[in-house]
Amino acid sequence: CLNSCARLPEGSPRYDMVYKSPDIHVSQDHLTSTCLSYLACHTVRGTSGASTGVFYFEVRVNYVKLGGYLALALGAHNIYQNKAVRPVAHYHCFAYTSQGEILSMGQTVIEGLPRIVSGDSMGLRADFSSGLLIFYKNRHPVGHIGGISGELFPAVIYGNEKFSTTIYTNARQRLEVPSFHQETAPKGIRLEAYDMTAKNVSGKGFPTARASSCYRSGTFAFEVTVESLEEGGFLSIGIGSLNIAENKEYMPPEKFNSFCFTSSGEMFALGQVVSGGHEHFYQGDVVGFICNLDKLFVNFFINAKEVGEMRNLSPNMEYTPFVVFGNGNFKVTINRVPKIGKILALQEKMSQESKSSRQKNFLDNE
């Protein structure tokens with residue numbers, strides 16, 4: 001969650017003390033901005049922008065009155081000069097408003113999307129290779145627009161006094177969360193919400209959905225919310241080889257090199273049951289794992305509580321997260337901000353400190 005004291009990754013944008021309306025106050029740490037005037041609109045720009053690759057920026061809405069106006073925008077370097085609800089074309093601005101609109105080059109191009117209220121988060125993901133800009137509310141995609149190009153900066157446009165937002169400091173981690181892999185999804189699986197949600201629409205068999213990411217080394221986490229799972233229904237979550245989406249069995253055969261945890265509290269490895277009697281998970285639960293491919297083990301979690309561990313993963317393998325769906329219209333959604341993220345961050349910190357200590361001891365012994 002939000003931690004205003006956390007250090008932003010190098011190069012991440014903060015609110016700019018210079019490139020802003022005089023009627024906007026920016027906090028000393030450059031993370032919170034507040035509008036001081038009720039006259040016209042006022043805009044604050046980020047300290048850095050992007051023109052290539054993928055860029056993600058997210059803020060928490062601290063306060064916006066019901067029916068009030070603010071917008072999360074991406075615009076040209078001079079976007080901070082804007083004083084209009086719909087920035088004119090020369091600001092080269094694309095924005096999502098608290099009224100549930102998407103703006104492009106001075107025009108409202110989409111209406112009727114989810115509105116933004118106090119406490120919500122607003123995010124934008126710009127992919128300059130494809131020209132696609134996706135907007136997020138509370139880490140769920142809510143709309144998109146194409147055609148972005150050139151150097152663009154994040155900005156917030158305020159419509160009234162006391163409206164305030166704070167930059168999330170862990171935007172990079174949020175961006176790294178994978179979606180489900182559209183290209184390998186079997187016919188029985190329907191992907192929704194920009195491929196973050198997977199559902200067994202066939203209601204039969206054991207179709208398998210894999211993630212879009214794959215890993216050969218290091219530590220990574222994957223977590224889903226179980227949106228729909230009837231009593232007695234079956235789901236499993238785990239890691240497997242990149243062809244795991246071809247699996248049609250409740251227990252993936254050995255050829256898929258899988259390690260997984262099931263809703264019935266069993267752990268499967270390489271086509272065999274390795275243990276049972278663990279905690280079950282149900283509809284509404286949050287289920288995930290942290291996998292360490294350097295030390296070859298995976299820990300499973302239900303609602304951020306560790307419920308199982310498997311060691312001796314196959315070395316020199318490329319793994320991808322997956323979910324196996326049982327006989328029913330069961331559905332899961334990938335969590336953009338995993339509850340186990342703090343556990344992963346702590347493990348990585350401890351691992352880095354241990355590595356630094358080992359390096360120091362090695363140098364001391366030279």
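**Notes on the cores, cysteines and S258**

1. C291 is buried, at 0% relative accessible area (buried means under 20%, exposed over 50%, partly exposed in between, with a 1.4 Å probe and protein chains only). Bear in mind that this is a predicted model, where local features need pLDDT of at least 70, side-chain atom pairs count only at pLDDT 80 or more, and totals for chains, interfaces and linings use all residues. Residues are numbered from 1 along each chain as its sequence is written, and side-chain values use heavy atoms, with hydrogens and water left out.

2. On the other cysteines: C41 is buried too, at 4% relative accessibility. Its closest cysteine sulfur is that of C35, 8.3 Å away, which is too far for a bond. The whole structure has zero disulfides (pairs of cysteine sulfur atoms within 2.5 Å).

3. The largest nonpolar core (buried Ala, Val, Leu, Ile, Met, Phe, Trp, Tyr and Cys joined through side-chain atoms within 4.5 Å) has 38 residues, and F180, F222, L235, F289 and F325 have the most contacts inside it. Strand β18, residues 219–228, gives the largest share, four residues (strands are DSSP E runs of at least two residues, numbered from the N terminus). Another core, of 34 residues, lies apart from it and includes V59, L113, V142 and L152.

4. Leaving out residues up to four places away in sequence, L235 touches, among others, V226, F261, F281, F325 and V332 (contact means heavy atoms within 4.5 Å).

5. S258 sits in the loop between β19 (235–240) and β20 (259–262), yet is buried at 1% relative accessibility. Beyond four places in sequence, its contacts include I239, I244, P252, F268 and F322.
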